[in-house]
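Reader: Please take a close look at the nonpolar interior of this model. Which residues and elements build it, and how do the helices there pack?

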Amino acid sequence: MLETLTGAWPVGWSVAVFLLAGALTVVCAVRLSGLGDVLADRTGWGEALFGAVFFGLATSLSGIVMTAVSAAVDRPTLAYSSAVGGIAAQTLAIVVADMFHRGVNLEHAAASLPNLLFGCLLIGLLGLALMAAFSPDVTVLGVHPGAAAMVAFYWGGLRLIQAHPRPMWLAVRTAETVPDVPHDDPVLGRRSTARLWTEFGAVAVLVVVGGWAVARAADGLVAGTGLRAGFVGAAFMGLVNALPEIVTAVAAVRRGAVTLAIAAVIGGNCLDALNLVIGDVAYRQGSLFHATAPDELFLTSAAVVMTGVLLGGLLVRQKRGWWRLGFDGVLLFALYTGTIVLLAF
């Protein structure tokens, strides 16, 4: 029994777990989108801030577990690429959600200062991760100082975003802009806040279990197929890690909560960047940042570029663009596809 839990799984088992975990993630993510929309109104936080913190945390739980488990079983490159690969794949979730948004591009309809600031925060976190990888290989109690810097940077950024009730910059309102205003849900709106939080937590636990299973399955794929850890982490684990954001973004758009759709993706990406901190703590052989290979550093750079393109789309706010996606949507798809292809060879 212990060998089944800790050892490498057969390839057949690994593939089956990936499929089952993906299905479980889709079901949980759809439920989270409805609960998150109602709780954003109940708490008064608004879709952008609630989506980036609580919603982002819930959908990132599987990625947190994937990174921690992979690091703990001495698979540092798998742990690192899982976290950063999830960021790249999740950014693509906005492109998928845009396909389901009628009328103007999603980036135009969901203009929000907090979403822009969270994008800046993500670029800063990824930049710190790269700095840590190229800094001296030192640890304090087994943890690289860069990990502490990333936590402090995230906390400071969160406080900065939350502390601006009267911002000096506002997106121009147009007829197609969808404002973040509270609205009643015919079913969930009748339930107590305590019950909503309880269900939100229960669904999050299922996501955690799925994350553990995916991490073990990924280890089995690397051991049984000879695929590079960076490719498995970015393509397979990253995709499963991104499924909650993809499904919840689409579900949120269909509910009319367009600000929540983008906030959940960008906020989840910021928390996925902090997964590197968790992986560094779980990895006991030294610094996770210095156990990475060129594949992982390349993947981190790709995530930075993709986030920059997304911020450009949110600032330009095209109403309609290339193939109904806008320039940023097309570029994001091309960047992600090109990154995965290059990692495969």
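Author: In this predicted model, the largest nonpolar core counts 63 residues. Leu-125, Met-150, Tyr-154, Leu-276 and Phe-289 have the most contacts inside it. Several helices supply this core. Those giving two or more residues are α4 (76-99), α6, α7 (145-162), α9 (229-255), α10 (258-282), α11 and α12 (326-344). Helix α4 makes the largest contribution, with twelve residues.

Now take Leu-125. Neighbours within four places in sequence are set aside here. Leu-125 then touches Met-150, Phe-153 and Tyr-154. Leu-125 also touches Cys-270, Ala-273 and Leu-274. A second core, of 17 residues, lies apart from the largest one. Among its members are Val-17, Phe-18, Val-65 and Val-222.

Next, one helix pair. Helix α6 spans residues 113-134, and helix α11 spans residues 294-316. Their axes come within 10 Å and cross at roughly 160°. An angle over 145 degrees counts as roughly antiparallel, so α6 is roughly antiparallel to α11. The crossing is left-handed.

Which residues of α6 and α11 meet? From α6 come Leu-116, Gly-119, Cys-120, Leu-122, Ile-123, Leu-126, Leu-130, Ala-133 and Phe-134. From α11 come Leu-297, Thr-300, Ser-301, Ala-303, Val-304, Thr-307, Gly-308, Leu-311, Leu-314 and Leu-315. By class, this contact has 14 nonpolar residues, five polar ones and no charged ones. Both helices are also among the elements that give two or more residues to the largest core.

Definitions and conventions. Residues numbered from 1 in each chain as written. Predicted model: local features only at pLDDT ≥ 70, side-chain atom pairs only at ≥ 80, totals over all residues. Heavy atoms only, no water. Axes fitted to C-alpha atoms, helices over the stretch in contact; angles between N-to-C directions. Helix = DSSP H or I, 4+ residues; strand = E, 2+ residues; numbered from the N terminus. Parallel < 35°, antiparallel > 145°, perpendicular 65-115°, else oblique. Left-handed = near helix turned anticlockwise from the far one by under 90°. Contact = heavy atoms within 4.5 Å. Nonpolar A, V, L, I, M, F, W, Y, C, P; charged D, E, K, R; others polar. Core = buried A, V, L, I, M, F, W, Y, C linked by side-chain atoms within 4.5 Å. Buried < 20%, exposed > 50% of the residue type's maximum accessible area, 1.4 Å probe, protein only.
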